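Work through the exercises below with the sequence and the structure at hand. Each task is followed by a solution in steps.

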Amino acid sequence: MLIKRSPNGIDLPFSSEITPRAVFESRRSFMRQMALGAVAGGALLESLGQEALAQGLNPKLAAKLNPAYSALDKQSAYKDATSYNNFYEFGTDKSDPAQNAHTLKTQPWTVSIEGEVKKPLTLDLDALLKLAPLEERVYRLRCVEGWSMVIPWVGYSLSELIKRVEPTGNAKYVEFITLADKKQMPGVGSRVLQWPYVEGLRLDEANHPLTLLTLGMYGETLPKQNGAPVRIVVPWKYGFKSAKSIVKIRFVREMPRTAWNLAAPSEYGFYSNVNPEVDHPRWSQASERRIGEDGFFVRKRKTLMFNGYSDVASLYSGMDLKKFF
Ligand code: MTE
């Protein structure tokens with residue numbers, strides 16, 4: 001992956017780390033007001049184009065905050081979350097997805113769920129939106145490159161979908177296959193990765209309630225550069241596990257070959273749990289730069305084991321996480 005490193009800083013806790021709930025709420029309702037004011041109709045309106053996106057005008061997506069799954073860290077600015085992205089189908093610079101993703105056609109869209117399941121399904125966006133109550137969950141996302149953000153995502157546990165297709169006893173892993181269409185995606189065809197971008201989880205990881213089938217962020221449908229119309233977010237793993245613009249979910253027997261693992265197997269393992277004790281071969285993973293906290297006195301944060309989501313540790317008991325990185 002391309003690396004952008006900030007000058008080294010000192011690890012200090014930030015006093016601004018914890019934002020009072022009231023401030024969150026007013027920020028959230030402001031975003032919702034903006035979306036409401038600008039868009040009439042249901043949640044499935046055609047996306048509004050780049051200029052509108054930049055102004056926060058995606059169709060709104062009402063969701064109830066799930067405090068049990070929400071980090072109290074200060075949320076990243078919408079502008080940062082939508083202009084500093086990794087989405088190689090639209091180019092490798094952080095600013096490319098925001099500039100280029102307007103060509104992505106998100107409607108109609110279907111996700112087919114297949115493989116080792118008793119009840120395969122093909123769902124359109126409407127069906128996905130209605131499958132389970134939408135929740136807002138504020139998750140930290142830590143990129144393998146050494147930066148992180150805190151984003152209020154909208155979706156529901158992937159396990160809601162998994163239980164409907166009834167995986168067979170042979171299903172050991174879940175593979176996420178994303179759109180790869182050269183006509184819509186100028187980066188597809190570049191040799192940086194094999195396309196489509198594929199990611200995968202072990203079935204128990206996919207079933208963990210934190211694994212979020214994600215349809216929106218900041219109270220709106222997903223902006224295109226963030227993986228519209230549907231992605232996953234796996235907050236205890238490096239960001240590249242959180243595949244964007246998913247078209248197929250396959251339940252399989254064998255560990256899937258994933259895009260980054262195929263590109264550089266010694267650098268990107270299948271598990272890719274956030275782990276400050278296991279460095280990337282080319283850089284340390286002990287600390288991170290929180291986007292939005294740049295400035296003259298750049299202070300890096302200590303990276304937390306499992307990105308701070310210690311509940312997931314039981315998924316890996318008995319495993320050597322240096323070996324299964
Ligand atoms: N999904 C697809 N299809 N293509 C990509 O290039 N990049 C990954 C992940 N999902 C990527 C992807 C990486 S490296 C990261 S860090 C996150 O998306 C970034 O998500 P964000 O831009 O919404 O913060």
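A contact here means that heavy atoms lie within 4.5 Å. The model is predicted.

**Exercise 1. Ser159**

Task: Find which residues Ser159 touches, leaving out those up to four places away in sequence, and decide whether Ser159 is buried or exposed.

Solution:
- Step 1. Locate the residue: Ser159 sits in helix α6, which covers residues 158–165.
- Step 2. Apply the contact rule: with residues up to four places away in sequence not counted, Ser159 touches Ala206 and Asn207.
- Step 3. Check a C-alpha distance: Ser159 and Leu212 are 53 residues apart along the chain, and their C-alpha atoms are separated by 8.5 Å.
- Step 4. Judge accessibility: buried means under 20% relative accessible area. Ser159 has 18% relative accessibility and therefore counts as buried.

**Exercise 2. Arg289**

Task: State where Arg289 is placed and what joins its side chain to that of Tyr84.

Solution:
- Step 1. Arg289 belongs to strand β12, residues 287–290.
- Step 2. Because its relative accessibility is 12%, Arg289 counts as buried.
- Step 3. The side chains of Arg289 and Tyr84 are joined by a polar contact of 3.2 Å.

**Exercise 3. The ligand**

Task: Name the residues that come nearest among the 16 around the ligand, then list polar atoms of Asn86, Glu89 and Lys244 with their distances to ligand atoms.

Solution:
- Step 1. Asn85, Tyr88, Glu89, Arg231 and Lys244 come nearest of the 16 residues around the ligand.
- Step 2. For nitrogen atoms of the ligand, a polar side-chain atom of Glu89 lies 2.8 Å from one, and a backbone N or O atom of Asn86 lies 3.3 Å from one.
- Step 3. For an oxygen atom of the ligand, a polar side-chain atom of Lys244 lies at 2.7 Å.

**Exercise 4. The second largest pocket**

Task: Describe the space in the second largest pocket and the classes of residue in its lining.

Solution:
- Step 1. The second largest pocket holds about 200 Å³ of space.
- Step 2. Its lining has 18 residues, and Tyr238, Ser272, Asn273, Val278 and Phe325 are the closest to its centre.
- Step 3. Sorted by class, the lining of this pocket has nine nonpolar, seven polar and two charged residues.

**Exercise 5. The whole chain**

Task: How many helices and strands does the chain have, and what share of its residues count as buried?

Solution:
- Step 1. The chain has eight helices and 13 strands.
- Step 2. Of its 325 residues, 57% count as buried.
- Step 3. Among contacts in the chain with a separation of 6 or more, 73% come from residues 24 or more positions apart.

Terms used: Residues are numbered from 1 along each chain as its sequence is written. This is a predicted model: local features need pLDDT of at least 70, side-chain atom pairs count only at pLDDT 80 or more; totals for chains, interfaces and linings use all residues. Side-chain values use heavy atoms; hydrogens and water are left out. On a 1 Å grid over the protein atoms alone, a cavity is a set of points where a 1.4 Å probe fits but cannot get out, and a pocket is an open set with protein on both sides within 12 Å along at least five of seven lines; lining residues have an atom within 4 Å of a point. Grid points are joined across faces, edges and corners, and a volume is the space filled by probe spheres set on the points. Ala, Val, Leu, Ile, Met, Phe, Trp, Tyr, Cys and Pro count as nonpolar, Asp, Glu, Lys and Arg as charged, and the others, Gly among them, as polar. Helices (H or I, at least four residues) and strands (E, at least two) are DSSP runs, numbered from the N terminus. Buried means under 20% relative accessible area, exposed over 50%, partly exposed in between (1.4 Å probe, protein chains only). A residue is near a molecule or strand if one of its heavy atoms lies within 4 Å of it. A polar contact is a pair of N or O atoms within 3.5 Å; within protein, one must be able to donate a hydrogen and the other to accept it, and residues adjacent in sequence count only if both atoms are side-chain atoms.
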